[in-house]
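Colleague: Could you walk me through how to read a few features of this model? I would like the general idea each time, and then the case at hand.

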Amino acid sequence: MSHAESTTDVPSSPSEKSPYPSDREAPTDDLDRILTDLWERLSDAAARSRPAFHIPVLATIRQGPHGLEPSARKVVLRHARRGPDLHTGRDGGSDGGGVIGCHTDALGPKVAEVRANPRVAWTFYDPRAKLQVRASGTAEVQTDGTMVDAAWAATKPSARRCYLAPHVPGLPTAAPEPNLPAAVRKRNPTPAESEPGRAQFAVLRTAVDTLDWLHLHHAGHRRAQFHWGDGEWRGTWAAV
């Protein structure tokens, strides 16, 4: 999992007024408002480390000893945008109804899994808001280009450190292995020391086409589903 950067956000309860979407009460009775709020929460979680949606579960498909099987892990949400992805200039049609993404080691197993089968699923849960969101779509891994270069430039040396790994992630070792160069195991690298990590840095992006929203409540849970098609989101209520 990529390193999350700490912030100085002041915690608040959903009942308090806050400029942050993640801190407000979630709408539960209007599909359009729910979809808008959902994407605003995802964008907020990509921008700040405090929201619960900042660390979702990303599931890919891998070839296991008994055939195809799910492979899930927590990641740090680094990008979320509804509709056209302004980082690439692509339109909503090629990027689905929006894009969510994370950073990853280009040599890691999830990259090979996505390239073999690009369908992935994300799960977000906010215990305070009692919200679960599941997002499905088609993923791709990018290692070059202006968007990746900009993402690397915006990454602090403390987070770049994990891309200096001398071993392929997941490789069996004879003893516990932090997978960091000895020189930076007890400190953050300098900007210059972190630059070799660019060769192992990748951006994993998912063009989202399906969303499943669930709000938990003691008086009765509520569930809605949204599907992207023909250039628009279509929502419907669903049984819990």
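Modeller: We will go through strands, cores, salt bridges and a surface patch in turn. This is a predicted model, where local features need pLDDT of at least 70 and side-chain atom pairs count only at pLDDT 80 or more, while totals for chains, interfaces and linings use all residues. Residues are numbered from 1 along each chain as its sequence is written, and side-chain values use heavy atoms, with hydrogens and water left out.

Colleague: Let's start with strands. Which strands does β1 pair with in the antiparallel sense?

Modeller: Helices (H or I, at least four residues) and strands (E, at least two) are DSSP runs, numbered from the N terminus; two strands pair if DSSP finds at least two bridges between them. Here β1 (residues 57-64) is antiparallel to β2 (residues 67-74), with eight bridges. The two form a hairpin with two residues between them, and Val57 has Lys74 of β2 as its bridge partner. β1 also pairs with β5 (residues 119-126), again antiparallel, over three bridges; there Ala59 is matched with Ala121.

Colleague: Now the interior. Which residues touch the most other members of the largest nonpolar core?

Modeller: In soluble globular proteins, nonpolar side chains tend to be buried together. A nonpolar core is a set of buried Ala, Val, Leu, Ile, Met, Phe, Trp, Tyr and Cys residues joined through side-chain atoms within 4.5 Å. Buried means under 20% relative accessible area, exposed over 50%, and partly exposed in between (1.4 Å probe, protein chains only). The largest core has 36 residues, and Trp39, Ile100, Trp122, Leu211 and Phe226 touch the most other members. Elements giving it two or more residues include α1 (31-47), β4 (98-105) and β7 (201-215). The largest share, eight residues, comes from α1.

Colleague: What is Trp39 in contact with, leaving aside neighbours within four places in sequence?

Modeller: Contact means heavy atoms within 4.5 Å. Among the partners of Trp39 are Arg81, Arg82, Ile100, Val208, Leu211 and Trp233. Apart from the largest core lies another of seven residues, including Val148, Trp152, Tyr163 and Phe201.

Colleague: On to charges. How many salt bridges does a search of the whole structure find?

Modeller: A salt bridge is a side-chain nitrogen of Lys or Arg within 4 Å of a carboxyl oxygen of Asp or Glu. The search finds 18. One of them joins Arg128 and Asp23, with the closest N and O atoms 2.9 Å apart. Arg128 is in the loop between β5 and β6 and Asp23 in the segment before α1, so this pair ties together parts 105 residues apart in sequence.

Colleague: Are those two buried or exposed, or in between?

Modeller: Arg128 is partly exposed at 39% relative accessible area, whereas Asp23 is buried at 5%. In another salt bridge, Arg48 meets Asp44 at 2.8 Å, N to O; Arg48 counts as buried at 8%, and Asp44 is buried at 7%.

Colleague: And what about the surface? Which residues make the nonpolar patch?

Modeller: Patches are made of residues with over 30% relative accessible area and no salt bridge: like charges are joined within 9 Å, nonpolar side chains (Val, Leu, Ile, Met, Phe, Trp, Tyr) within 5 Å. Leu107, Val168 and Leu171 make a nonpolar one of about 260 Å². Leu171 sits in the loop between α4 (157-160) and α5 (191-194), and is partly exposed at 48%.

Key: Areas by Shrake-Rupley, 256 points an atom, 1.4 Å probe, with all protein chains shown as cover.
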